[in-house]
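Biologist: I am new to this structure and should be grateful for a close look at a single part of it. Would you please describe the surroundings of the ligand, and then the parts of the chain that lie beyond them?

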Amino acid sequence: MSIRPYIVGNWKMHGTRAMLAEARAIDRAAERLLKVEVALAPPFTLIHATRKEANLIAIGAQDVHPADGGAHTGDVSAAMVKDAGAGFTIVGHSERRADHQETDAIVKEKADAAIDAGMNVIVCVGETEAERDSGKAEDVVTGQLAGSLPTGEAVVEKVTVAYEPVWAIGTGRTPTVEDIGAMHRKIREKLVSIYGEEGASVRILYGGSVKPENAAELLAADEVGGALVGGASLTAESFLGIIMASAEAQEEKS
Ligand code: PEP
């Protein structure tokens, strides 16, 4: 298993070409921070330009359509984002599950399509606040994993899981380090039950209000292999703060 923390920025529906300066600054700094694997998922419109600006970091998409092509106005296929320069895609983000009624089955189709197109995938899972309050968080997350993860020959090395409690996204609230560790251990158990012993090597990221100030603490939790970062990835200054904190957390863990 790679022990380099994997820190992925999700720019969501933010950014015009003016924001490429941030990507450039992140890429330049990543050259000095080789202990961390850094990636950015800009909106579709910036994938190609970001790939051209950034040499070192991975560039990905935030979503893909399950079909290779066809009459799907406004949608974009895995082959298209790959052609634009994306090496991976996020699938199943809770904003897509909620805004576009994406079920686990749809998320799995998207993950399978991305892998078929030769890309890596980050599959997002996470419970709502009501699900946590009613004691169902672990069942919800393991159910999402069972329904959303890609299956088939040689897929495991292409998969990363992001645990993102819905109530922690963009709210400034985070679970305790103990709760994060407990959920990540449960996810690990489920990955091994789905993929066999290879499931032990799948990276599990934490996402939800990660900031430079809390990154070291959150990333030190059990089984956390990195972070999926929304708001705090929009400027090089805050994203680099997280990247540096993750390098420190990694040193303390090893
Ligand atoms: C996200 O949307 O993936 C996310 C984690 O957002 P934020 O960091 O802003 O909570």
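Modeller: The account below begins at the ligand, follows one of its neighbours, and ends with two helix pairs. Please bear in mind that this is a predicted model.

There are 14 residues around the ligand, and those that come nearest are Lys12, His93, Glu164, Gly170 and Ser209. By class, the shell around the ligand consists of four nonpolar, eight polar and two charged residues. Three side chains may be described through their distances to the ligand. In the side chain of Lys12, an N or O atom is 2.5 Å from an oxygen atom of the ligand. For the side chain of Glu164, the corresponding distance from an N or O atom to a ligand oxygen is 2.7 Å. For the side chain of His93, it is 2.8 Å. On its own, the ligand has 290 Å² of accessible area, of which the protein covers 95%.

Lys12 deserves a separate description. This residue is located in the loop that runs between strand E1 (6-10) and helix H1. Besides its distance of 2.5 Å to a ligand oxygen, the side chain of Lys12 has a polar contact of 2.8 Å with the side chain of Glu95. When neighbours within four places in sequence are left aside, Lys12 is in contact with Ala41, Pro43, Gln62, His93, Glu95, Ile169 and Gly230. His93, one of these contacts, is also among the residues that come nearest to the ligand. Ala41, another of the contacts, is 29 residues from Lys12 along the chain, and the C-alpha atoms of the two are separated by 7.8 Å.

The loop that holds Lys12 leads to H1, and the description continues there. Helix H1 (residues 20-30) packs with helix H2 (residues 44-53) at an angle of about 40 degrees, and their axes are 9 Å apart. H1 passes H2 in a right-handed crossing. On the side of H1, the contact involves Leu20, Ala23, Arg24 and Asp27, which meet Leu46, Ala49, Thr50 and Glu53 of H2. The residues of this contact comprise four nonpolar, one polar and three charged.

A second helix pair is formed by H7 (residues 137-148) and H8 (residues 177-195), which pack at an angle of about 35 degrees with axes 10 Å apart. The crossing of H7 and H8 is right-handed. H7 contributes Ala137, Glu138, Val141, Thr142, Leu145 and Ala146 to the contact, while H8 contributes Ala182, Met183, Lys186, Ile187, Lys190 and Ile194. Eight nonpolar, one polar and three charged residues make up the contact of H7 with H8.

Key
Residues are numbered from 1 along each chain as its sequence is written. This is a predicted model: local features need pLDDT of at least 70, side-chain atom pairs count only at pLDDT 80 or more; totals for chains, interfaces and linings use all residues. Side-chain values use heavy atoms; hydrogens and water are left out. Axes are lines fitted to C-alpha atoms, for helices over the stretch in contact, and angles run from 0 to 180 degrees between N-to-C directions. Helices (H or I, at least four residues) and strands (E, at least two) are DSSP runs, numbered from the N terminus. A crossing is left-handed if the near helix is turned anticlockwise from the far one by less than a right angle, and right-handed if clockwise. Contact means heavy atoms within 4.5 Å. Ala, Val, Leu, Ile, Met, Phe, Trp, Tyr, Cys and Pro count as nonpolar, Asp, Glu, Lys and Arg as charged, and the others, Gly among them, as polar. A residue is near a molecule or strand if one of its heavy atoms lies within 4 Å of it. A polar contact is a pair of N or O atoms within 3.5 Å; within protein, one must be able to donate a hydrogen and the other to accept it, and residues adjacent in sequence count only if both atoms are side-chain atoms. Accessible areas come from the Shrake-Rupley method with a 1.4 Å probe; for residues, only the protein chains shown count as cover.
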